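This report walks through one protein chain, moving from its surface to its interior and then to the contacts between its charged side chains. Please keep the sequence and the structure in view as you read.

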Amino acid sequence: MVSFLAQAQGANANQDEIKRGEYLARVGDCVACHSAPGGKPFAGGLALESPIGKIYSTNITPDKKTGIGEYSFEDFDRAVRHGVAKQGHTLYPAMPYTSYAYVKPDDVKAMYAYFMKGVAPVDQVNKRSEISWPMSMRWPLSIWRSMFAPNVVTNNEPVPAGDKIAVGRYLVTGLGHCSTCHTPRGVALQEKTTTDAGSEFLSGAVLEGWLARSLRGDHRDGLGSWTEADIVALLKTGRNRHGATFGSMADVVTHSTQHMTDSDLGAIAAYLKTLPARDSKSAALTYNDTAARAMFNGTDKSLGAMTFVNNCAACHRTSGKGYDEVFPALAQNPTVNADDPSSVIHIILKGAQMPYTKTAPTQFAMPGFAERLSDREVAEVATLVRQSWGNRAPSVLAAQVAKVRKDAHLPAGPNR
């Protein structure tokens, strides 16, 4: 007969594993993709845009009819790390199994325990993807998986807790799946590399019309001028002295990174700072007050300057420095300085809102100017922002603004 003490110890061990699985699911940000707006957590139904059509996230609650309640651990592991559903078909790589392949088996076991015993079951039937034939056929995905998915790790040896770089690499490459958004993709929509063995790893990519910028050591458009503390602050609060999160990264902060331990956030920051710049001649930007003085004194009458003064200066200031952790700085902002202006155009047209976090609960928002500004005005003010205060980024064309406006299904601006 098993003693009461042994039973109690076993129950505590199970609870500890469930708790650890909950934390790891937070790191993996599972709730963000597998929960629809207004829906139950992990019940699926979120529409994920892809180049071939809409893919709806699935129900991963332990409901036995519509969720994963009948999944064994082996079924769960095959889906999470191998990209193969219980029914045998290959999952669309919207599920980041190419990153989760690097997660250690024991961590997947803890996540399995959490999803089976720590998540409430929800009876919600999965939605069919809106992908037209022949792209809707699943068998080509198995070929894609065999060509581009990395080998699944079998090593269960824990990452040494005292090795910050190793811990950060494990979190970023695996559960954090940062590469999914921040690494450019090839012609088959595969990530060009899934590890830091390639120089394109985390070098920035356009996703759903937004730029997920470089996380490498470039000063102009990467993290070269950021300290580890800057990176931790952004992941924990959604803002820092250089700028703020927006778009899908704001969701990552809301659902995932703000809940991580300071130790893990510090490890991520330490690791990211080891990634060298792609541009070996990358140098820190130097602030220049020429544009600030011209706008403040009213001597710059250009369309870009007048548009900025009338619509942007109240929050971002003619100095471009904004207000720390309230209205983001535009001067020396890596997103502003990126070669691709997609995110800058999107934010001007659609607006943006900082995420709510426990340590920085106030949500400051910027309104969208799609109906107020013409394509030419947006292009001119974006160009001014990208070429003032020491910023060095290419000009923006009205045609680029028109394309973003059309792709984002935004209303036409005034005809002027």
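On the surface of this predicted model, Trp139, Ile143 and Met147 together make a nonpolar patch of about 360 Å². Met147 belongs to helix α6, which covers residues 139–148, and Met147 counts as exposed because its relative accessible area is 56%, where exposed means over 50%. A general point about helices helps in reading such a patch: an α-helix has 3.6 residues a turn, so residues three or four places apart point the same way.

**The nonpolar core**

From the surface we turn to the interior. The largest nonpolar core has 51 residues, and among these Phe42, Phe76, Phe115 and Leu272 touch the most other members. The elements that each give two or more residues to this core include α1 (4–27), α3 (73–82), α5 and α11 (262–272), and the largest share, 8 residues, comes from α5.

Helix α7 (164–173) is also among the elements that give two or more residues to the core. How many of the residues of α7 are buried? The number is 7 of 10, and therefore α7 is largely enclosed by the rest of the structure. The buried residues of α7 are Ala166, Val167, Gly168, Tyr170, Leu171, Val172 and Thr173.

**Aromatic rings**

The rings of Phe, Tyr and Trp residues can be examined in pairs, and the count in this model comes to 11 aromatic pairs. In one of them, Phe42 and Phe115 meet edge-to-face, with 5.2 Å from centre to centre and 85 degrees between the planes. This pair links distant parts of the chain, since Phe42 lies in the loop between α2 (30–33) and β1 (47–50) while Phe115 lies in helix α5 (residues 105–117), 73 residues apart. Both Phe42 and Phe115 are buried.

In another pair, the ring centres of Trp210 and Phe246 are 5.7 Å apart and the planes stand at 35 degrees, so this pair is tilted. Here too distant parts of the chain are linked: Trp210 is in strand β4 (residues 210–212), whereas Phe246 is in the loop between β6 (243–244) and α10 (247–255), 36 residues apart. Trp210 counts as buried because its relative accessibility is 19%, and Phe246 likewise counts as buried, at 17%; the cut-off for buried is under 20%.

Phe42 and Phe115 also take part in a wider grouping, for Phe42, Phe73, Phe76, Tyr112, Tyr114 and Phe115 form one aromatic cluster.

Rings may also have a charged group placed over them. The charged end of Arg317 sits over the ring of Tyr323, 4.9 Å from the ring centre, and Lys321 lies over the face of Tyr287, at 4.4 Å from the ring centre.

**Salt bridges**

Side chains of opposite charge can pair when their charged atoms come close. The structure holds 15 salt bridges, and the table lists three of them, with the distance between the N and O atoms.

| Basic residue | Acidic residue | N to O distance |
|---|---|---|
| Arg20 | Asp107 | 2.5 Å |
| Lys65 | Asp123 | 3.4 Å |
| Arg241 | Asp230 | 2.9 Å |

In the salt bridge of Asp107 with Arg20, the closest N and O atoms are 2.5 Å apart, and the pair links distant parts of the chain, with Asp107 in helix α5 and Arg20 in helix α1, 87 residues apart. Asp107 is buried, at 11% relative accessibility, whereas Arg20 is partly exposed, at 35%.

Lys65 and Asp123 form a salt bridge as well, and this pair again links distant parts of the chain: Lys65 is in the loop between β2 (53–56) and α3, and Asp123 is in the loop between α5 and α6, 58 residues apart. Is Lys65 buried or exposed? With a relative accessibility of 68%, Lys65 counts as exposed, while Asp123, at 48%, counts as partly exposed.

The side chains of Arg241 and Asp230 also meet in a salt bridge. Because Arg241 lies in the loop between β5 (239–240) and β6 and Asp230 lies in helix α9, this pair ties together parts that are 11 residues apart in sequence. Arg241 is partly exposed, with a relative accessible area of 46%, and Asp230 counts as buried, at 7% relative accessibility.

Note on methods
Residues are numbered from 1 along each chain as its sequence is written. This is a predicted model: local features need pLDDT of at least 70, side-chain atom pairs count only at pLDDT 80 or more; totals for chains, interfaces and linings use all residues. Side-chain values use heavy atoms; hydrogens and water are left out. Patches are made of residues with over 30% relative accessible area and no salt bridge: like charges are joined within 9 Å, nonpolar side chains (Val, Leu, Ile, Met, Phe, Trp, Tyr) within 5 Å. Accessible areas come from the Shrake-Rupley method with a 1.4 Å probe; for residues, only the protein chains shown count as cover. A salt bridge is a side-chain nitrogen of Lys or Arg within 4 Å of a carboxyl oxygen of Asp or Glu. Helices (H or I, at least four residues) and strands (E, at least two) are DSSP runs, numbered from the N terminus. Buried means under 20% relative accessible area, exposed over 50%, partly exposed in between (1.4 Å probe, protein chains only). Rings of Phe, Tyr and Trp (its six-membered ring) pair if their centres lie within 6.5 Å; planes under 30 degrees apart count as stacked, over 60 as edge-to-face and the rest as tilted. A charge sits over a ring if NZ of Lys or CZ of Arg is within 6 Å of the ring centre and within 35 degrees of the ring normal. A nonpolar core is a set of buried Ala, Val, Leu, Ile, Met, Phe, Trp, Tyr and Cys residues joined through side-chain atoms within 4.5 Å.
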